[in-house]
Every structure is written in C-alpha cells, then in structure tokens.
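Trainee: Please take one part of this complex and go through it closely with me, in connected prose. I would also like to know how far I can trust what I am looking at.

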Amino acid sequence: MSTDRFIRDKFCTGNVGNKLNTKIRNRSFTRALPFDFMSGKSIAVFLILLSLLFLSASIINPSFFQGARTNVVDGFAPILKAVNAPFQGAANFIGGVSGLTNLRAENAKLKEENVRLREWYQTALMLQAENQSLQALLNVKVSAPHQYVTAKVIADSGNSFVKTVLVAVGRADGVKKNQPVLAGEGLVGRVIEVGKNSSRIMLVTDFNSRIPVLLEGSRQKAVLVGGNHTLPILKYIPEDSVVTVGTRLVTSGDGGMFPVGLPVGRIEAIDGIEILAQPFADVHNITNVRIINMDVNPNLSSGNLDDLL
Amino acid sequence: MMLGGYINYEGARWVARMGAAQMTTILFLLLSIVSFSLPYTESVRPLFIIIPIYYWGIYRPSLIPAVLVFVLGLIVDFISGFPVGLHAALFVVVHVIMRSQRLFLMGQPYLMFWLGFTVISTGVYMAQWFFFSLRYLSLMPVTDILASNLLTILMFPLMALVLTFIQRILPPNLKSY
C-alpha cells in the first residue's frame, strides 16, 4: 500500500472512491486533511475580526490581557531559557575571542586606569571616614543598602517599536511590579509585569518610559523620556537653566517609584531644543540585570487606586 | 498481523514527518522571540516566523492552517510585548494572501518566489510601522525596521532550504493538493 493510499484510507473513511477524488480535483486550492475545518475563508475572516477586537481591547486598556500574557510568558519561560542558553554561550565565546585579540591594548588601558583608581581609592577612603564622622555627629539615619535579584534576559522584543525584555525571575523570587532595574553601570528600566517565574522590564528607551531625574551639580530636576530611539530625551527643563554635555543624571526620587540617586546616564548632545541623554547601561546589549528588591508604593500600581476609593 | 504492523509503521512515519514539519515552525517561532544575547539584536532581528507562513502557504497549506497562524501571532504578541492581536491579524492577512496567490507563485522561478517573500515581509514591517506611528501619533524610527526587514529577506533562502528539506521528507499529500 502506498503512503498516499494509506493516508486516503486512514482519513477519508467512507469517502474513498472516484466521487471524492473528482471532488478534490475540482477544488482550486490545497486543504489539509486533519486541519481542513480550520482553514476556510470564513474562518480567516473571523480570526481577523477577532484579532482586531483583541487589538482594540489592548489599546483601550493595556492591562486587559495582562493575566493571559503573564501566564503565556510563564509557560514559555523554561523553553526560552533553554533556547537562549546556546546563544548566551556563543556570545560569551565571541566576547572571549574578541577579548583575546585586544588583550595587549586592554592591559595597557587597565594599568593606566588602575593608577587613576588607586588615587581615587585613597580619596574615597578619606571621604568615607569624614562622612561617617559627620553622620555620627549629626545623628543621621542612613538608609539600608539595596538588596538585588540578579536575572538573565531570556527574550527581547527584537524590534524598534516595543523596548522590553523578559527575565527569568518572578514573584517566586520576590520581584514586584515597578521595581527599578539596573544593568552594568546604571538604570535600565523598571518591572512592568510579573509572572510566577518571569518578569517583563520596560527599558528607558521605550516610548512609554518616563524617569524623573536630577542633573548632578545644578540639582535641576527633569524627566527622561524614551522615544524608541537609541538616546532618550531630557524634558521639562526650565529654559534659563544651564545644561552642559557630559552632566551626570541620577534618579530624583520624585513620584516615589525610583529611589533617589540611582545612576541613569549622562547628557550626550544638545540638538537645538532637544537634550539627548546616553544611558550608562548598554541598553542594546543587556544579558543580565539586577532588580532592586525594594518595597514599592502600592498606590503607584494601576488599579490599586480604585480599590482605595 | 503483518499488514497491521505495516500500517502502524507507516502511521508512525507519517506522524514523525508531520511532527518534524511542525517542530520546524515552532523553532522559527522561538527564533523570532528569544534573546540572541548579542549587541543590537534587541531592536534589529529577522522575524523568522513569516518564512514558514509564506513557504508552507505556497507548498503545503495543510501544515499552516489559519487557526495555527492566528495562535502563532498571538504568541509573538504575548511574548514580545506587542499589543495583543497585532501579529495575529497580520499573520492571518498574510495567510489569506498566500491562499489566493499560491498557484501563481508555485510556478514561478526562484527569484520571483523570493521577490514574493520580499513583498510580504516588507508589508508586515510597514504595517507595524504604520500601526505604531498612528498609535503614538509620532513617526517611528525606520532605520531598525529597514535593517530587520533586509535581514529577514536575506535569511529567507537559507531558511527556505531547511523547509525544502522538510518538504522532501513529508508524506505525499492527496494527488490534487
């Protein structure tokens, strides 16, 4: 028995014969035997309408599918983690190989940096001692250092319209919505969705990202606004304030979402009225992140305000 | 007894081969959503999943029915953080286009087949761009999507080669399909 006949006999019980063959031959397009009922034109139209309905619901209320989304992400997290592992290994290998070729130049650079840092180390020790004695004199209540949850990035949006990443830690690891996230040398975003074993982080470059910052030195307050571009924009700075390229930006703590003083970035360029900032963290190459495990203000989470009223 | 064994063997082969084809589609889906852990791949990356939707849409629509295409789109939306329904709608539209154009594309030389994919891929990226520009009432950057589209188009011959191999091991469909 040929495979062809076998399939026909197995799936077309009761319909085998010339009548069916003629009927099939007359059809203008291919249909699957097991999935036949799922491919009709009316089904396609129905699915397009359903998609548009979903789309409208998620635009009107972005948290409408949040529960379903976190469940799907939680379900896929172990698979994504497994698929990401060889890529992470390859990235480490490439990093190692390219590091080898630059070894001599890097060594010279590090030696030079080491000399400079040793000088700073002495200064830091002196300042720390002075700081401690002054705090003791004034009886200052120092806030406890942050606790972190470190996580690997397992998926990203892979496009320029949505700037989010998925990490392989969730509620089970103590992650909460709105916690700040650091990568490398600075702030990279905040947690926007939390599942049991996975969380989504909105990056500082996302169109919806708004971070209250402080310009170091002048103590001028501003808001760092993402625009899906490489460099976020600094907004709401008074016209008369002096802004110079290279000024460091730290979180101001306004609004209560971020703690005060987290390093964010530096002013990269002033293009007419637009002030562009370069995040300290390498937003284009995040492989690991640190989530600050702090208590978040429950009133800042969407929906909670309605519960209070 | 012997005939029964033969049928089971044939059945197992059929399931294994169809399973291999579906696993390839799932692999393409995972490649579209997983992090590559390489610089700039978070914003510039091929949307691999369009390739099996296009390829099977022409050569074996039975492998990629509308419902499956819809589910694949929903998974992309859920995992990649898109508004739910965007890719589901786009993929089903691509599916409908493929159904109407498959007989035309089937008889074309390879370059035309590739050009067809170029049109589909560019259409998907353009639709994304229009959607987000309209949603945020601001023109979205185009450099990254141009690069992603170009990568998707350039990766197509290689990925289509994998699908051609899968197609060869697939059990034959009914004569008229």
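Mentor: Over residues 6-35 of chain A, pLDDT stays under 50, and for this stretch the model has 47 contacts beyond four places in sequence. A further stretch of chain A, residues 304-309, likewise has a pLDDT that stays under 50, with 2 contacts beyond four places in sequence. What you have in front of you is a predicted model, and where pLDDT is low, the predicted coordinates should not be read in detail. The contacts listed for residues 6-35 of chain A belong to a stretch where pLDDT stays under 50, and I would leave their details aside. For chain A taken as a whole, the mean pLDDT is 82, with 84% of its residues at 70 or more. Chain B has an average pLDDT of 87, and 93% of its residues score at least 70. For the complex, the predictor gives an ipTM of 0.86 together with a pTM of 0.80.

With that in mind, let us turn to helix α4 of chain B and to what packs against it. Chain B is built with 6 helices and 0 strands, in the order α-α-α-α-α-α along the sequence. Its C-alpha trace spans about 70 × 35 × 25 Å along the principal axes, and 57% of its 177 residues count as buried. Among the contacts in chain B with a separation of 6 or more, 70% join residues 24 or more positions apart.

Two packed helices are described by the angle between their axes and the distance between the axes. Within chain B, helix α3 (residues 66-80) packs with α4(B) at an angle of about 150 degrees, and their axes are 7 Å apart. The two helices, α3(B) and α4(B), are therefore roughly antiparallel to each other, and their crossing is right-handed. On the α3(B) side, the residues that meet α4(B) include V69(B), F70(B), L72(B), L74(B), V76(B) and D77(B), while the α4(B) side includes L86(B), H87(B), F91(B), V92(B) and H95(B). Sorted by class, this contact has 10 nonpolar, 3 polar and 1 charged residues.

V76(B), in helix α3 of chain B, deserves a closer look of its own. With a relative accessible area of 2%, V76(B) is buried, and the cut-off for that word is an area under 20%. Neighbours within four places in sequence aside, V76(B) is in contact with L29(B), I33(B), I49(B), G81(B), F82(B), H87(B) and F91(B). Of these, H87(B) and F91(B) also belong to the α4(B) side of the helix contact. L29(B) is 47 residues away from V76(B) in sequence, yet the two C-alpha atoms are 7.7 Å apart in space.

The same helix α4 of chain B, residues 86-106, also takes part in a packing with chain A, where its axis and that of helix α3 of chain A (residues 41-60) come within 8 Å and cross at roughly 160 degrees. That angle makes α3(A) roughly antiparallel to α4(B), and the crossing of α3(A) and α4(B) is left-handed. Chain A contributes A44(A), L47(A), I48(A), S51(A), L52(A) and L55(A) to this contact, and chain B contributes L86(B), A88(B), A89(B), V92(B), V93(B) and V96(B). By class, the residues of the contact of α3(A) with α4(B) are 11 nonpolar, 1 polar and no charged. Among the α4(B) residues listed here are L86(B), A88(B) and V92(B), and these names appear again in the list for the contact of α3(B) with α4(B).

Elsewhere in chain B, helix α6 (residues 143-169) holds S148(B), which is buried with a relative accessible area of 2%. Leaving out residues up to four places away in sequence, S148(B) touches S43(B), V44(B), R45(B), P46(B) and Y125(B).

Finally, two residues of chain A call for attention to the backbone. Most residues other than glycine have a negative phi. R219(A), however, has a positive phi near 60 degrees and sits in the loop between β6 (210-215) and β7 (220-225) of chain A, where R219(A) is exposed with a relative accessible area of 55%. N228(A) has a positive phi near 65 degrees and is found in the loop between β7 and β8 (233-235) of chain A, but N228(A) is buried, at a relative accessible area of 2%.

Note on methods. Residues are numbered from 1 along each chain as its sequence is written. Chains are lettered from A and ligands numbered from 1 in the order in which they are written. This is a predicted model: local features need pLDDT of at least 70, side-chain atom pairs count only at pLDDT 80 or more; totals for chains, interfaces and linings use all residues. Side-chain values use heavy atoms; hydrogens and water are left out. Axes are lines fitted to C-alpha atoms, for helices over the stretch in contact, and angles run from 0 to 180 degrees between N-to-C directions. Helices (H or I, at least four residues) and strands (E, at least two) are DSSP runs, numbered from the N terminus. Angles under 35 degrees count as roughly parallel, over 145 as roughly antiparallel, 65 to 115 as roughly perpendicular and the rest as oblique. A crossing is left-handed if the near helix is turned anticlockwise from the far one by less than a right angle, and right-handed if clockwise. Contact means heavy atoms within 4.5 Å. Ala, Val, Leu, Ile, Met, Phe, Trp, Tyr, Cys and Pro count as nonpolar, Asp, Glu, Lys and Arg as charged, and the others, Gly among them, as polar. pLDDT is the predictor's confidence in each residue, from 0 to 100. Buried means under 20% relative accessible area, exposed over 50%, partly exposed in between (1.4 Å probe, protein chains only).
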